[in-house]
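Please look over the sequence and the structure below before reading on. The paragraphs that follow walk through a helix pair, a strand with its partners, and a sheet.

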Amino acid sequence: FNNTVQLGAVSLPMQTYCYPESLASFQANTPLVLNALQLFHNLFGEYPFIKEKYGHEQFGWGGGMEHKTATFIVSPGESLMAHELAHQWFGDKITCASWVDIWLNEGFATHLASIYMEAKYPASTITTRKNEIAYITSQPGGSVKVNDTTSVGRIFDGRLSYTKGSHLLYMLRWILGDSVFFQAVRQYAKDPKVSYGFATTNDLKRNLEQVSGKDLTGFFKDWYEGHGFPAYTVEWTPLGSSYVKIKINQSASYPNTGFFELPVALNFKNATQQKTIVLDNTSNGEIFFRNIGFIPDTVLIDPEYWLITRNNVSRKVPDATNGQNIVQVFPNPIQSQFYVYLRNFSSANATIILYNVAGQQIHSAKIPILNGSGFTEITAQYLAPGEYIINVVTDSGLKFVKKLLK
């Protein structure tokens, strides 16, 4: 039986050949693949065989097998049809140059099927990503790059070539942003060096870097060539009424694995408020201070499951409140901004005043002190180089004076 789908100005034929007893099922489900055709055509560029057709042929094996313009499937499952259709772009228009890079076929097709399913069933997105990451991390090692091309099982490893390959693309989308990522993949799909030809991972990397302006060498070393994944330990401390101090550590699942440099999303929550911030984590033990605007009681790591991680731990660490009053101002010399951190105070508020060496007031602010601590950030990018004096005065009359240099 025949259908058509409108792709721009072209009315593309869709031909289906199926067993008579499967006719009703195939007729009912063919509109799903027509929707996917329009989605992929819009996202990744013109359907590669637009002067011909697309088609389904039923066959007796489990699953499916794409061919140019004519995909074999055993039954018209929605995700399966989207996966095999995606190969028209990634697998048929561009074919991997070696089994080493089979993920350029299978990782992409798996990811495009996920894009389709997430667009249609957004409520299932988090659960599906979570389950896929659990599958990828069910073993501590395994690279996307195929290390034994004599083994059919290793080439078509579902955990590595398909699912981990797909989530490598999730992480690139997370790092680059969807707009840049899709622009770069469209450029890759029409790159004259690989279009209707053969590609290696370096060809994809080249296009991603050209469009994004980012050096992705470290990313591909970690996630394409490398084994394993990180586990994050995030320790966080509320400071004053709106700031948090955050310390991030990671451990690797696989021996002799380097540090995974990634932007990490943290979702801070309490009963009535929440805020997600993204920290560019480049080293172990890295410390950040951020204004989230409220006092949280919970922190979720990578709440939308963009990253391949496992066994993450979020831990609230109370601020030290024993001993003498402490006022910390850092960094000093100051840069574009600096922080004032008050610890072990019983007052409800403190006033912070910044003077230049001539005694002129540059900045004044009153900050709350909660549970013994107060914290504020002061912008200094427009201050002239030189010496400054900062006074901290509490409601109870305690006064502290510190000298700063810019």
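**A helix pair, a strand and a sheet**

In β13, the residue that bridges to Lys 269 is Thr 298. This is a predicted model, in which local features need pLDDT of at least 70 and side-chain atom pairs count only at pLDDT 80 or more, while totals for chains, interfaces and linings use all residues. Residues are numbered from 1 along each chain as its sequence is written, and side-chain values use heavy atoms, with hydrogens and water left out.

The bridge just named belongs to the pairing of β10 with strand β13 (residues 298-301), which is antiparallel and extends over four bridges; two strands are said to pair if DSSP finds at least two bridges between them, and helices (H or I, at least four residues) and strands (E, at least two) are DSSP runs numbered from the N terminus. Strand β10 (residues 262-269) is also joined by eight bridges to strand β11 (residues 274-281), again in the antiparallel sense, and a hairpin of four residues connects β10 to β11. Within this pairing, Val 264 has Leu 279 of β11 as its bridge partner. Because seven of its eight residues are buried, β10 is largely enclosed by the rest of the structure, where buried means under 20% relative accessible area, exposed over 50% and partly exposed in between, with a 1.4 Å probe and protein chains only.

Elsewhere, four strands form an open sheet in the order β18-β17-β20-β21, with antiparallel pairing. Strands β18 (361-368) and β21 (399-405) stand at the edges with a single partner strand each, so one side of each is left without a neighbour in the sheet. Strand β17 (residues 349-356) pairs with β18 over seven bridges in the antiparallel sense, and here Ala 350 stands opposite Ile 367 of β18.

Turning to the helices, His 83 lies in helix α2 (residues 78-86) and, at 12% relative accessibility, counts as buried. Leaving aside residues up to four places away in sequence, His 83 touches Glu 106, Ala 109, Thr 110, Ala 113 and Tyr 162, contact meaning heavy atoms within 4.5 Å. Helix α2 packs against helix α3 (residues 103-120) at an angle of about 135°, with the axes 8 Å apart; the axes are lines fitted to C-alpha atoms, for helices over the stretch in contact, and angles run from 0 to 180 degrees between N-to-C directions. The residues making this contact include Ala 82 and His 83 of α2 and Leu 112 and Tyr 116 of α3.
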